[in-house]
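Student: I should like to understand how the terms used for this structure are justified. May we go through them one at a time?

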Amino acid sequence: MSLINVNEDAARELYKEAIKEYLEEQGHIGSLWKMERMILECGGFGSKWIVGHICNHPYVIRNKLAIKSGKEWIFKAQGIIEFLDLYFPDLGKNNEVIERK
């Protein structure tokens, strides 16, 4: 006889919610980032730099990774993570943004 009664279905749902929340926080599933998050991800570069070097980058435009909504920019987290992994080290080297092949 058990002294503690655990509702397995409720525990499973709580577990799923916690995993989903964690993955969203890490930017791995279906989340969108605002400019504040992009500033953090880009090591503190300001919004003007991000617009000039990231939002206007041909790869970002072609893949629709940054969307201007009114006065704010919204970024598709998963795609931007991949973009930053590929291009971030080279973004500040020239005034022109050049896409790699």
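Student: What makes H5 a bent helix, and where does the bend lie?

Tutor: H5 bends by about 50° at Asp85, where the bend at a residue is the angle between axes fitted to the seven residues ending there and the seven starting there. A proline, Pro89, follows within four residues. As to the elements themselves, helices (H or I, at least four residues) and strands (E, at least two) are DSSP runs, numbered from the N terminus. Please note that this is a predicted model, in which local features need pLDDT of at least 70 and side-chain atom pairs count only at pLDDT 80 or more, whereas totals for chains, interfaces and linings use all residues. Residues are numbered from 1 along each chain as its sequence is written, and side-chain values use heavy atoms, with hydrogens and water left out.

Student: How do you know that the ends of H5 are closer than in a straight helix?

Tutor: The expected span is 1.5 Å times one less than the number of residues. Helix H5 (residues 77-91) has 15 residues, and a straight helix would reach 21 Å. The end C-alpha atoms of H5 are only 18 Å apart, short of that value.

Student: Why is Cys42 called buried?

Tutor: Buried means under 20% relative accessible area, exposed over 50%, and partly exposed in between (1.4 Å probe, protein chains only). Cys42 has 1% relative accessibility, so Cys42 counts as buried. Cys55, at 3%, therefore counts as buried too.

Student: How do you know that Cys42 is in no disulfide?

Tutor: A disulfide is a covalent bond between the sulfur atoms of two cysteines. Here the rule is a pair of cysteine sulfur atoms within 2.5 Å, and by this rule the count comes to zero. For Cys42, the nearest cysteine sulfur is that of Cys55, 9.2 Å away.

Student: Why is Lys64 called exposed, and Asn63 partly exposed?

Tutor: Lys64 has a relative accessible area of 56%, so Lys64 is exposed. Asn63 has 37%, and is therefore partly exposed. Asn63 is found in the loop between helix H4 (58-62) and strand S2 (66-69), and Lys64 also has its place in the loop between H4 and S2. Phi of Lys64 is near 50°, a positive value in a residue other than glycine.

Student: What makes S2 and S3 paired strands?

Tutor: Two strands pair if DSSP finds at least two bridges between them. Four bridges join S2 to S3, which run antiparallel; the two strands form a hairpin with two residues between them. Gly70 in the turn has a positive phi of about 70°. S1 is also joined to S3, by three bridges, and these strands run antiparallel. Trp33 stands opposite Phe75 in S3, and Ala66 stands opposite Phe75 as well.

Student: How do you know that the side chains of S3 alternate?

Tutor: Trp73 and Phe75 point to one face and are buried, while Glu72, Ile74 and Lys76 point to the other and are not.

Student: What makes a set of residues a nonpolar core, and which element gives the largest share here?

Tutor: A nonpolar core is a set of buried Ala, Val, Leu, Ile, Met, Phe, Trp, Tyr and Cys residues joined through side-chain atoms within 4.5 Å. The largest one has 21 residues, and those with the most contacts inside it include Trp33, Phe75 and Phe83. Its largest share, seven residues, comes from H5.
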